[in-house]
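Thanks, everyone. Let me walk you through this one, and then we can talk.

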Amino acid sequence: LDRRLSPAALASVLREAAGVTGRANTDVLRDIAQLRTFLSGTGVQALFDAPWLPIYRLVICLMHPLLGLLAALGACMLVALGMLNERLMRGRADRALRYSRETTRHADALTRNAEVIIGMGMTHAAVASWEMRHTQLLDAQAQIGNVSSRLSAVARSTRQGLQIAMLALGAWLVIDQHASPGIMVAATILLGRALQPVEQLIGGWKVLVEARGAWQRLSERSTGQATDSALELPAPIGRLEVERAIFSAVPMRPPLIKGVAFTLEAGESLGVIGPSASGKTTLIRLILGIWKPQAGVIRLDGADISRWDRDALGQHIGYLPQDVELFGGTVAQNIARLGPIDSEQVVAAAQLAHAHEMILRLPEGFETQIGDAGATLSGGQRQRIAFARALYGNPRLVVLDEPNANLDAQGETALAAALVELKSRGVTTIMVGHRPALMSQLDKLAVLNDGVLEAFGPAAAVLLKMRPVIAGPNRLTRVTAEAPAEALA
């Protein structure tokens, strides 16, 4: 069961993490682990034994009606205890589970921001905030333990008392010559066998409730999983059409992208510029098909990009996000996108990104272990390796979101050379940036402001209408008021 559910669950988590909220419910993997623990433990055995209760009771009734009546009363008592256990445990178990997951998520968040916490002397406050949640968890678990242990003790005492009563009733029947001694012993043994699974279920009710909750949550999630298109489209050449795209991350809120429309021919390069929070990264995610617009269509070679099979499309797309994330493993594994390593393509991608010499200078070259998230590398090294990953496999569409954010002069020179090489190979390239030196090498520029496409046209024409901001000559600001978008277009 775990082998069948876990891969699909992780794929669902990844889709959620790439969604608009950027948050994923990783608890689904813990739900599968909880279900597996229950199915491989003793609790499930009690469920299989419980249906024998009416059969045992019927056999006891055949021995003597009074023995059957006592067995029926005992079964009803334990079932009533089980129902009481259900009422007392469900709410407490749900609350403890919620506290447990909140505590785990908060600890993960603190770990991710450990550098800031230590650097700014926030350790005491951070630990105190976690301790508050952990205390709530311990209190909830203590309540569950108290209720569970008391009801379990009552159930065990009830079963033992019923066996004693059954033995006493059987002895009376034997003395009164209404039954044989063998029936007295057999009825007592059968009653113990009949009631033991119910007692076990009451004692392990917490595990049963958690497993049932995990199954319900998994069932609810299974209905919302996305399915990729089964139609296999031909490899794209890179023609991109954005048709009046409108996108809002939150319903009933102003859209982040407002009717953006342009066409980029195969092999052309486009720079996307604009002030902060103008929608540049949002537009990039729409172009990649990670997000889907509420209105309008993004087409790659005429096909809606959101309808492409993601694995098939990924072979033809390279993407360098704004926040670079690498995976634990070697440099070669990262460039090969965690798939089978093709040495020739790994080296070719590194050479195309002009990162080959930089990688060779690492302690073990392409076999260097970079640590979790590339912890052993500098920001510039991570960005250049991620750029090589984006170019792995000769993609036809390359999207770069501020690729020079962490680069030094040498890295910027390598990036500029790589852009020239991509142009010569006819690769469609889209780059978000601010620096005129790189933008001037591109064929076209698009200017976004508050989600609106204010200008789109040849890079030279758009750059003439741009002016440097006060902070320095290496950044671009929005179109000046004297240059309306219509004139630039």
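A definition to begin. Patches are made of residues with over 30% relative accessible area and no salt bridge, and nonpolar side chains are joined within 5 Å. Keep in mind that this is a predicted model.

Now the patch itself. Leu66, Leu69, Leu73 and Trp172 make a nonpolar surface patch of about 400 Å². Which helix gives the most to the nonpolar patch? That is H5, with three residues. Take leucine 66, which lies in helix H5. Its relative accessible area is 35%. The cut-off for a patch is over 30%, so leucine 66, at 35% and partly exposed, clears that bar.

Next, the inside. The largest nonpolar core has 46 residues. Which of them touch the most other members? Ile60, Leu67, Met166, Leu191 and Leu195 do. Many helices feed this core. H1, H2, H3, H4, H5, H7, H8 and H9 each supply at least two residues. Helix H5 covers 65-112, and helix H7 covers 123-175.

Look at isoleucine 60 for a moment. Leave aside its neighbours within four places in sequence. Isoleucine 60 is then in contact with Leu67, Gly68, Ala71, Met166, Ala187, Leu190 and Leu191. Apart from this core lies another one, of 45 residues. Its members include Leu320, Val346, Leu407 and Val462.

On to the aromatics. A pair of aromatic rings is described by the distance of the centres and the angle of the planes. The count here comes to three aromatic pairs. I'll show two of them.

Tryptophan 52 and tyrosine 56 form a tilted pair. The centres are 6.2 Å apart, with 35° between the planes. Are the two residues buried or exposed? Tryptophan 52 is partly exposed at 43% relative accessible area. Tyrosine 56 is buried at 19%, because buried means under 20%.

Phenylalanine 262 and phenylalanine 456 are a stacked pair. Here it is 5.2 Å centre to centre and 25° between the planes. The pair links distant parts of the chain, 194 residues apart. Phenylalanine 262 is in strand S2, and phenylalanine 456 is in strand S10. Both rings belong to buried residues: phenylalanine 262 has a relative accessible area of 5%, and phenylalanine 456 has 16%.

Last topic, charges. Side chains of opposite charge can pair when their charged atoms come close. A search of the whole structure finds ten salt bridges.

Start with aspartate 31 and arginine 101. Their closest N and O atoms are 2.4 Å apart. This pair also links distant parts of the chain: aspartate 31 is in helix H2 and arginine 101 is in helix H5, 70 residues apart. Aspartate 31 is buried at 3% relative accessible area. Arginine 101 is buried at 11%. There is a network too: salt bridges link Asp31, Arg101 and Arg217.

Second, arginine 239 and glutamate 241. Their side chains meet in a salt bridge at 3.0 Å, N to O. Arginine 239 is partly exposed at 28%, whereas glutamate 241 is buried at 17%.

Third, arginine 425 and glutamate 421. That salt bridge is 3.1 Å, N to O. Arginine 425 is partly exposed, with a relative accessible area of 41%. Glutamate 421 is partly exposed as well, at 31%.

That's the tour. I'm happy to take questions.

How values were computed
Residues numbered from 1 in each chain as written. Predicted model: local features only at pLDDT ≥ 70, side-chain atom pairs only at ≥ 80, totals over all residues. Heavy atoms only, no water. Core = buried A, V, L, I, M, F, W, Y, C linked by side-chain atoms within 4.5 Å. Buried < 20%, exposed > 50% of the residue type's maximum accessible area, 1.4 Å probe, protein only. Helix = DSSP H or I, 4+ residues; strand = E, 2+ residues; numbered from the N terminus. Contact = heavy atoms within 4.5 Å. Patch = residues over 30% accessible without salt bridge, like charges linked within 9 Å, V, L, I, M, F, W, Y side chains within 5 Å. Areas by Shrake-Rupley, 256 points an atom, 1.4 Å probe, with all protein chains shown as cover. Salt bridge = Lys/Arg side-chain N within 4 Å of Asp/Glu carboxyl O. Phe/Tyr/Trp six-rings, centres within 6.5 Å; stacked < 30°, edge-to-face > 60°.
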